[in-house]
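Q: I would like to take a close look at one part of the surface of this protein and then follow the description into the rest of the fold. Please answer in connected prose that I can read beside the model.

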Amino acid sequence: MVRQSDNNSIVTDMDTDTDKKTDKKADKENVRRGLRARGICVIIPVYNNVGTVGRVVSDVLAYCSDVIVVDDGSDDGTAAVLSSFSDIHVVTLPVNGGKGHALKCGFAKALSLGFSYAVTLDADGQHYASDIPAFLDASIRWPGAVILGNRRRDSIHRSAGSNFANHFSNFWFFVQTGRRLPDTQTGYRLYPLRRLHGFRLMTSRYEAELELIVFASWHGVDIHTVPVDVYYPPEEERVSHFRPAADFTRISILNTLLCVLAVVYGLPLRLWRLLAACLRTMVAVLFFLFASFFVMLPAAWLIMRRPGPSATRRIHKLIYLMSRFVTLRLGVPGAHFSNSIAGSAFERPSVVICNHQSHLDLIYLLSLTPKMVFLTNDRVWHSPFYGYLIHHAEYYPVSMGIDSLLPRLRDLMSRGYSIALFPEGTRSADCRIGRFHRGAFYLAHRLGCGITPVFLYGTGRVLPKHGHVFRKSEVFMEVQKARQCDDSEPLGEQTRFFRHYYQNHFRELCDRLDRLA
């Protein structure tokens, strides 16, 4: 007989188990939506893995709706297993051409279906579908990069031959590219399909995977790793199509050719990219110095010879025109700029907020309208390059304190100016939305105005927070209509609402634009 307390405990445990299953199902559904939003599919090459391919496909479908299986000439009943799945794409090859050939066909199929990225994993059951979310997160953090699954070695036993082969491959990859990777033989990867250089010419067997990342590195594609689990079945159950003598010979020949190509092709490409990045940076620095000392400061000095409201307007017009020239006419080095601006965004003064990624953010915001002033930090306020201009443009440092600034800001708003600031307070190192401070929302409350959200994408990739050279990236700016805040709502709630809104909408922007990376 079960006591009442025991019965209650059983019910509670059952409820907890149900909740956990519900949470896991919701998490998987979120992963499925995330993969589809970013244009990520899963490619599974298979050759005579009838005993495992069904389970592998089922596990993957729990996380990803878009699965491409390349049947590389199997003759053991694999085709019959695949025919039982109605929600996958099957590419059937009449004869076995090797893993490289199967991957090539899978990439071509994925591109024809409009996908931008592909996760590849083996059909022998050694990879866990539960690691797919790690590749999704890595793709969000490093868009356009190749992501390699670094197999955890602490929980598995690998043969001496397997360990030697991996160290051998890692060594030659370093020789050919100058970059170190911990696991160059892993088959669990994420590829940016539009940045796979020469994949249609790649070799047909196992060595193709090394070739892919070598060419990616030569062409400047970032390569990152994420830890993944791996399962190696007992020797008697393992199905392997690796032919030690023949395939090791092919890999050795490929490495010899890649070493030659590294000198005549890869190294010149790397030097050209370095030179191009240095030239872009040099042009940007020289233009900045020239514009500051020989255009902006002399023009501001001449304008302020007759100070007054009209002089301030001319200062703002000067800053606006120069910013427009740099972003739209001259072009920020490395940046390809496009924008979307709400028609009535600046009809009335408001507090303008924007996510903060780079030193470049300011110039893009200044190109929006001449009727905008900034709250800035002390370093910018005291800058020897543009401090004089900033003072006379009535940009004020946040260190003065919001309450002491309110009379000046009210006066600016009465003259039609919007007040812009970055609620994160500092640049994001990884382009993600950081914690919002309450200052912007307190300011909007005290000034009785709306808040205009601005979203910037890509500036943190052109010139990252800790970067020193200009890189190539798409830059996109979206300006939305002003939102009126509810004065009765606590500032903390408003701050959390806007940060949550920024995180969600910025993720949508990244999903859409990263597909083009």
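Which residues form a nonpolar patch on the surface, and about how much accessible area do they have together?

A: In this predicted model, the nonpolar patch on the surface is made up of Val260, Leu261, Val263, Val264 and Tyr265, and together these residues have about 440 Å² of accessible area. Leucine 261, one of these residues, lies in helix H8, which covers residues 244–303. Its relative accessibility is 33%, so leucine 261 counts as partly exposed; that value also fits the patch, because patch residues need over 30% relative accessible area.

A second patch on the surface is one of charge. Arg306, Arg313, Arg314 and Lys371 form a positive surface patch, and arginine 314 among them is placed in helix H9, residues 309–330. With a relative accessible area of 40%, arginine 314 is partly exposed.

From these surface patches the description can turn to the strands. Seven strands form an open sheet with mixed pairing, in the order E8-E14-E13-E9-E12-E10-E11. Its edges are strand E8 (335–341) and strand E11 (396–397), each of which pairs on one side only. Strand E13, residues 451–457, runs parallel to strand E9, residues 351–354, and four bridges join the two; within this pairing, valine 352 stands opposite threonine 452 in E13. Strand E14, residues 473–479, pairs with E13 in the antiparallel sense, again over four bridges, and here phenylalanine 455 stands opposite glutamate 478 in E14.

E13 is mostly covered, with seven of its seven residues buried. The cover applies to both faces of E13: on one side Ile451, Pro453, Phe455 and Tyr457 are buried, and on the other side Thr452, Val454 and Leu456 are buried as well. Two residues already mentioned for their pairing can therefore be placed on these faces, since Thr452 belongs to one side and Phe455 to the other, and both count as buried, which means under 20% relative accessible area.

Charged side chains also meet one another across the model, and a search of the whole structure finds 15 salt bridges. In one of them, the side chains of arginine 36 and aspartate 66 meet at 2.7 Å, N to O. This pair links distant parts of the chain, 30 residues apart, with arginine 36 in helix H1 (residues 4–37) and aspartate 66 in the loop between helix H2 (53–61) and strand E2 (67–72). The two partners differ in their cover: arginine 36 has a relative accessible area of 48% and is therefore partly exposed, whereas aspartate 66, at 9% relative accessibility, counts as buried.

Another salt bridge is formed by arginine 471 with aspartate 222, and the closest N and O atoms of this pair are 3.3 Å apart. It too links distant parts of the chain: arginine 471 is in the loop between helix H15 (459–462) and E14, aspartate 222 is in the loop between helix H7 (208–218) and strand E7 (223–228), and the two are 249 residues apart. Arginine 471 is partly exposed, its relative accessible area being 38%, and aspartate 222 counts as partly exposed at 28% relative accessibility.

Arginine 415 forms a salt bridge with aspartate 411, where the closest N and O atoms are 2.8 Å apart. Both partners count as partly exposed, arginine 415 at 27% relative accessibility and aspartate 411 at 37%. Elsewhere, Arg38, Arg461, Arg507, Asp511 and Asp514 are joined into one network by salt bridges that share partners.

A last place to inspect is glycine 73, found in the loop between E2 and helix H3 (78–83). At 16% relative accessibility, glycine 73 counts as buried, because that value is under 20%. Glycine 73 and valine 46 are 27 residues apart in sequence, while their C-alpha atoms are 8.6 Å apart in space.

How values were computed
Residues numbered from 1 in each chain as written. Predicted model: local features only at pLDDT ≥ 70, side-chain atom pairs only at ≥ 80, totals over all residues. Heavy atoms only, no water. Patch = residues over 30% accessible without salt bridge, like charges linked within 9 Å, V, L, I, M, F, W, Y side chains within 5 Å. Areas by Shrake-Rupley, 256 points an atom, 1.4 Å probe, with all protein chains shown as cover. Salt bridge = Lys/Arg side-chain N within 4 Å of Asp/Glu carboxyl O. Lys, Arg positive; Asp, Glu negative; His and termini not counted. Charge placed at Lys NZ, Arg CZ, Asp CG, Glu CD. Buried < 20%, exposed > 50% of the residue type's maximum accessible area, 1.4 Å probe, protein only. Pairing = 2+ DSSP bridges.
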